[in-house]
Amino acid sequence: MSEIVVQSVYFEKPGPQNTARTLEIAKRRAEELDIRTILVASTRGNTGVQVAQQFQGYDVVVVTHSTGFAGPNTQELTEENRAAIEAAGARILTCQHALGGISRAMRKKWGTYAIDEIVAQTLRIFGEGMKVCVEIALMAADAGLVRAGEPCVVIAGTGRGADMAVVLTPAHVQQFFDLRVMEVLAKPRLG
């Protein structure tokens, strides 16, 4: 019986203080597996800039909050960070959250949850970053920026910065159950 042993780092506390280490771990594993596609969640763009610069030469996709997430007609990604991300050769995806959208509107208006928000809450038992990693992989696949079924390294965090990195194979939202988390490289140790 063959096995693959992969080091997984567990951070004592979640948060942006783990960003540099998370990116180091993600890059090392991407190199080991010869994975050239990197996805990263970034709200204001600070983490997106770091990843775009550290992973130059890779196919980097920075996934932002949808416009309107923080308030009507508001985009949280700063213009300065947008320019830096694009200057480093990365692409930016801004679209509706795969595990939110109309269901979030229903929850806000009527106080009820729909299936996609239940899925999001379930993924959060592994940490906020796991939910975000899965979600941005779905979004990027639906936008045609990554190929469904082809492994990529996905980076996200709890609030700000990065504290979660996984290797996964994306899927389109309508094939959600084909998505596979192959390896957990780093995450906060929840307790």
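Buried means under 20% relative accessible area, exposed means over 50%, and partly exposed is anything in between, with a 1.4 Å probe and protein chains only. By that yardstick Asp 59 is partly exposed, since its relative accessible area is 29%.

A word on the model: it is predicted, so local features need pLDDT of at least 70 and side-chain atom pairs count only at pLDDT 80 or more, while totals for chains, interfaces and linings use all residues. Residues are numbered from 1 along each chain as its sequence is written, and side-chain values use heavy atoms, leaving out hydrogens and water.

**Salt bridges**

The structure holds 10 salt bridges, each one a side-chain nitrogen of Lys or Arg within 4 Å of a carboxyl oxygen of Asp or Glu. Here are some of them:

| Pair | Closest N and O atoms |
|---|---|
| Arg 91 and Asp 59 | 2.8 Å |
| Arg 107 and Glu 117 | 2.8 Å |
| Glu 128 and Arg 124 | 2.7 Å |

Arg 91 sits in strand S4 (residues 91–94) and Asp 59 in strand S3, so their bridge ties together parts 32 residues apart in sequence. Strands (E, at least two residues) and helices (H or I, at least four) are DSSP runs, numbered from the N terminus. Arg 91 is partly exposed at 32% relative accessible area.

Arg 107 bridges to Glu 117; because Arg 107 lies in helix H4 (residues 102–110) and Glu 117 in helix H5, the pair links parts 10 residues apart in sequence. Arg 107 is partly exposed at 26%, whereas Glu 117 is buried at 5%.

For the remaining pair in the table, Glu 128 is partly exposed at 27% relative accessible area and Arg 124 is partly exposed at 26%. Elsewhere, Arg 28, Arg 29, Glu 32 and Glu 183 are joined into one network by salt bridges that share partners.

**A lysine without a bridge**

Lys 187, in strand S7 (residues 180–188), is buried yet has no salt bridge. The nearest side chain of opposite charge is Asp 163, 8.7 Å away, where Lys and Arg count as positive, Asp and Glu as negative, and His and the chain ends are not counted.

**Helix H6**

Helix H6 (residues 128–142) has 15 residues, and its end C-alpha atoms are 21 Å apart, which agrees with the 21 Å expected at 1.5 Å a residue. That expected span is 1.5 Å times one less than the number of residues. Because 13 of its 15 residues are buried, H6 is largely enclosed by the rest of the structure. Just after H6, Gly 144 takes a positive phi of about 75°.
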